[in-house]
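Trainee: Could you take me through one part of this model up close, the sheet with the mixed pairing? After that, I'd like to hear about whatever else is worth a look.

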Amino acid sequence: MAFSPASLETALPDCPGASHYWVAYSGGVDSHALLHAMAALRLPGGAALGAVHVNHGLQAGAGRWQAHCRSVCRDLGVPCVDLQVDGRAASGESPEAAARQARYQALQAWLPAGDCLLTAQHRDDQAETLLLQLLRGSGVGGLAAMPPMAVFGAGHLLRPLLGFSRESLLAYARRHGLQWVEDPSNLDTGLDRNYLRHRILPVLRERWPAASATLSRSAAHCAEAAQLLSALAQQDMAALSGDGAETLPVAGLAGLNPPRRRNLLRHWIASRGATVPSAAVLARVEQDVLASRVDAEPCVRFGQYAIRRYRDSIHLTTPAPELSPGLVLDWDPGSTPELGVAGGVLSASEATGSGIRRSSLQEGVRVSFRRGGERCQPAGRRHHHTLKKLLQEQGVPPWERRWLPLIYIGDRLAAVAGLWVCEPFSTAPGEAGLVIRWRHGQQAHRD
């Protein structure tokens, strides 16, 4: 398909309600062609057009490229925003991945709410991405490569050029006399994508001239399959634990056949904001976690996350906060209603007939954490119990117990934040009280 403003208008994904379209403009031929064609369009709803340039600071000519982009935008009458990032790779990190991550993080943080960011990936980029994902052993989610539209920060990311070849964009740029910059790193075949682009795909096209188009079509098929798998996983999660479940039941997972079970695990992990682990890690989850004894409390770690079992459920956890031994914090809930501690927030609010008796606070409030041997007589119970037993009864997983804030008044345990108020600190009906809440991550408890 020949590239032109008219063909771009047909291919441009719908971005309802957008007041501004921003082209991610590197100064290279692809993004220049996109920006030039967008400037010739009448955008939906009278939306405005702008460009945003990311300077990674990686090339000696980065400053000249930035000035070039500003000059082009000025000639087109398009406002240009400059972003500066540190795109250097850490030890052992891919230079391509480091620069890409720095660029997208900066763009995502910057993009105004409701606006649309357009990037210039085209059909040949899509083919390269599919091959890279195949060589990494990705599933259909990875083989779906790049979607034409996705939620991006407070707005959306659009890729309107996925149906156009690199050659069609280059032909458009030459036809209109466009001037662009060449990034010398694009010729470095030591980088995986460049190796595919310059060494592998040309050979494939000698035998299969339409290779890029057919590979991109396969990516589209994989995208449809990924959508179906996601819908199935949502159904399974809703049936087993409900939408947004923090845990999954072991028995329910065991009732699914292995491919369906792994599909649900991937979906659940991603829904919790974690990076989906490899097939080898999921195999360990099935063997070491789901098949373990009820009292074994197994753990499989991947990156900064871990999947654990407690009783009949599995949990996804992040590293527990570091706590100094014997940490004790003074807290005045009256003047400081919120206190950040142990990766969460303690908050206090006035109440009547619930919480800690207001009159007992004169001795001062301290926040501490478990050392062992603590006892509490929860309001409404006749006897004291060890905190260990109470937490077991409540079903609090062992790895969460260490950083549950304990509220002391004087030298006596008055409450376990978010769970119990201990006698004799509980309020009587109609008595002024202070309700202590504890929020950690996505969890929220109330005492």
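Mentor: Sure, let's start with that sheet. It is open and has 6 strands in the order β3-β2-β1-β4-β6-β5, with mixed pairing. Helices (H or I, at least four residues) and strands (E, at least two) are DSSP runs numbered from the N terminus, and two strands pair if DSSP finds at least two bridges between them. At the edges sit β3 (80-84) and β5 (149-152), each pairing on one side only. From one strand to the next, the twist averages 30°. Two helices pack on this sheet. Helix α2 (residues 29-39) touches β1 (20-24), β2 (48-55) and β4 (116-118), and its direction makes about 155° with that of β1. Helix α3 (residues 62-76) touches β2 and β3, with its direction at about 170° to that of β2. Contact here means heavy atoms within 4.5 Å; axes are lines fitted to C-alpha atoms, for helices over the stretch in contact, and angles run from 0 to 180 degrees between N-to-C directions. Over at the β5 edge, β5 and β6 (residues 155-158) are antiparallel and share 4 bridges, with Phe152 having Gly155 of β6 as its bridge partner.

A word on the basis: this is a predicted model, where local features need pLDDT of at least 70 and side-chain atom pairs count only at pLDDT 80 or more, while totals for chains, interfaces and linings use all residues. Residues are numbered from 1 along each chain as its sequence is written, and side-chain values use heavy atoms, with hydrogens and water left out.

Next, Leu132, which belongs to helix α5 (residues 123-135). Leu132 is buried at a relative accessible area of 8%; buried means under 20%, exposed over 50%, and partly exposed in between (1.4 Å probe, protein chains only). Leaving out residues up to four places away in sequence, Leu132 touches Asp192, Arg193 and Leu196. Leu132 and Arg193 are 61 residues apart in sequence, but their C-alpha atoms are 7.4 Å apart in space.

Now a pair of helices. α9 (residues 211-240) and α11 (residues 258-271) pack at about 85°, their axes 9 Å apart. That makes α9 roughly perpendicular to α11 (the label covers 65 to 115 degrees; under 35 is roughly parallel, over 145 roughly antiparallel, the rest oblique). Among the residues making the contact are Leu229, Met237 and Leu240 of α9 and Leu264, His267 and Trp268 of α11.

There is also an open antiparallel sheet of 4 strands, ordered β7-β10-β9-β8. β7 (247-249) and β8 (299-302) each have a single partner strand, so one side of each is left without a neighbour in the sheet. The twist averages 20° between successive strands. β8 runs antiparallel to β9 (residues 305-310) through 4 bridges, and Arg301 is bridged to Ala306 in β9.

Last stop, β18 (residues 406-409). In a regular strand the side chains alternate between the two faces of the sheet. In β18 both faces are covered, with Leu406 and Tyr408 buried on one side and Ile407 and Ile409 buried on the other. β18 pairs antiparallel with β15 (residues 365-368) over 4 bridges, where Arg366 stands opposite Tyr408. β18 is also antiparallel to β19 (residues 412-416), again over 4 bridges, and Leu406 faces Val416 there. β18 and β19 form a hairpin with 2 residues between them, and Gly410 in the turn has a positive phi of about 65°.
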